[in-house]
Amino acid sequence: MSTPRELIRKLQNAPGLAKRILPVKDLTSRGHNGAGLTFVPHITKLVLRYDHPRLGAGGSSTGMVAFLTSQLPAVARARPYVEICVQPRNAVPPHLLATYASGKKTLVPCAGLSAKEVAAKVAFLCDSMDGEERNVKSGRPVLTAGHQLAERVDPVWDPFTAEHTFRP
Amino acid sequence: MASRTPPLCAPLLRRTRCGGPFPSLHYLRAVHTSPLPHQLQQSPIALSSRTATTPSPSPPSTTTTTIRHPHETARLAAFTARTGFAVSSPEVLKQALTHRSYGPGKDASARFEYLGERVLDLYVTEHLSLKYPDMPARALASVVRAYVGDNAVQKVSVQFGVPLVMRWKGSHTTAQVEGQKAVGASVLRSLLGALYVDQGAAATRRFIHAHFLSRTIDDLSAHLSLTNPMPTLVRLTQRLDKIRPVSRLLQETGRLSSAPVFLVGIYSGLEKIGEGAGSSKSAAEHSAAVNALCKYYFREVKDFALPSDSSI
């Protein structure tokens, strides 16, 4: 006669059975990057690609080249955690390619941008988690748990807070 | 991107040597003379294909690990700055980052991996056993596993970007190879072992405290085996020479409705040791017993001295 624990394990692993048994709970610890005084930046590598301006080509890379010559050493000094790679690419518009720790690669086109704009894009990529821009429509950076259910005009009833809910 | 011959252009960038002022920044080898327009059509720049494309996987080398080109210096320097993992030489770092699946004769990292696993286990167990002095052994083992088990080490290794820096069997191809996360966990353990041997116990313990013990557990009660909390609680109170616990109904609402709520408190004499709510009286009593057990077993101590302080 199986114990309840063994029986549950058998039901969970049984092939062909409709899995209505809850899966085993994930008990792994959770990381909070930056909460314990140590922060590991998410970006690993930044590749800057440009086509050098010359007669008849490369005009859209002027800003990028100005950034490379004037500001890049300072950026590299300030951000030692990024592997920065500069690569010329013939007949290709200038762009940035950022690789993140999750393996995600983000490509940001820089054609026709000024050095300041390229610097802003570089800073955004280096500070970002995956290079995606996120618009927080609610205007609050952190959304409280259950905000949709609790703050409605007529909130969902639950017995634990029924008495404390104001009903005009 | 396919590699194309870079254009001859005005001298743009100085070449940096390995280990220069900005080790994490490497430039392409530039031309040192400005070309005339007709020279643009000729190709004479003898750049290695490695510098023009993403770094090709290096073939399995022998036991000597000398760094060959700036891509590697930059990658390792960035890794060091990102993780705070500082060893005495890049060779040690490279050895630790080479998994045994990379090629034949890669024993060093396997030894580091074993040592790193033991060191991690030691420092985390030591810390947690003093932080929760009343926790039962099985629960403590489960909590330690949550911090240093495969899942946790994999997550920390992905956070560090170890799979992008390590050398393993998947480095020989650009195609996706199975088992990257597990190998990443092995390499992280090998890094810890290398740090322990190279930098000593103090640096390793600081590293582990910063990156592993800063993690948190969502629900500690899930690590406790609570099949029969009430008899367990009775036995616990007997062991502690306390009055036998009695459960009392504190509050209730909606008894005959479809969503009743009962609030039960467990009392050892006059002292309330646990409280729980539920939709039936027995469910509430169960919840209260669980609460009482958790309050006792998961008592946290804030400031304590570690036994390894004396040996560091």
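Which residues in α9(B) are buried? In this predicted model, the buried residues of that helix are B:A201, B:A203, B:T204, B:R205, B:F207, B:I208, B:A210 and B:H211, and α9(B) is accordingly described as mostly covered, with eight of its 11 residues buried. The helix belongs to a chain that contains 11 helices and four strands, and in which buried residues make up 44% of the 312 residues. Among the contacts in chain B that join residues at least 6 apart in sequence, 59% are between residues at least 24 apart.

Aromatic pairing was examined next. Over all chains, the structure holds four aromatic pairs. In one of them, the rings of B:Y296 and B:Y297 have their centres 5.5 Å apart and their planes at 65 degrees, and the pair is classed as edge-to-face because planes over 60 degrees apart are assigned to that class. The two tyrosines are covered to different degrees: B:Y296 has a relative accessible area of 25% and is partly exposed, whereas B:Y297, with a relative accessible area of 11%, falls under the 20% limit and is therefore buried. Ring pairs also link B:F79, B:F85, B:F160 and B:F207 into a cluster; B:F207 is one of the buried residues of α9(B).

The contact between the two chains takes 51 residues from chain B and 50 residues from chain A. The size of an interface is often given as the accessible area lost when the parts come together. For chain B and chain A, the buried area is about 4,200 Å², of which carbon and sulfur atoms give 61%.

Polar and charged interactions across this interface were also counted. Between chain B and chain A there are 10 residue pairs in polar contact, both residues being at pLDDT 80 or more, and two salt bridges are found across the interface. One of these salt bridges is formed by B:D219 with A:K25, whose closest N and O atoms are 3.3 Å apart. On the side of chain B that touches chain A, the elements giving two or more residues are β1 (25–26), α2 (70–83), α5 (137–148), α6 (150–160) and α9 (201–211) of chain B. Of these, α2(B) gives the most, with seven residues. By class, that side of chain B has 28 nonpolar, 16 polar and seven charged residues. The helix α9(B) thus appears both as a mostly covered element and among the elements that give two or more residues to the side touching chain A.

Notes. Residues are numbered from 1 along each chain as its sequence is written. Chains are lettered from A and ligands numbered from 1 in the order in which they are written. This is a predicted model: local features need pLDDT of at least 70, side-chain atom pairs count only at pLDDT 80 or more; totals for chains, interfaces and linings use all residues. Side-chain values use heavy atoms; hydrogens and water are left out. Contact means heavy atoms within 4.5 Å. Buried area is the accessible area (1.4 Å probe) that two parts lose on being put together, summed over both. A salt bridge is a side-chain nitrogen of Lys or Arg within 4 Å of a carboxyl oxygen of Asp or Glu. A polar contact is a pair of N or O atoms within 3.5 Å; within protein, one must be able to donate a hydrogen and the other to accept it, and residues adjacent in sequence count only if both atoms are side-chain atoms. Ala, Val, Leu, Ile, Met, Phe, Trp, Tyr, Cys and Pro count as nonpolar, Asp, Glu, Lys and Arg as charged, and the others, Gly among them, as polar. Rings of Phe, Tyr and Trp (its six-membered ring) pair if their centres lie within 6.5 Å; planes under 30 degrees apart count as stacked, over 60 as edge-to-face and the rest as tilted. Buried means under 20% relative accessible area, exposed over 50%, partly exposed in between (1.4 Å probe, protein chains only).
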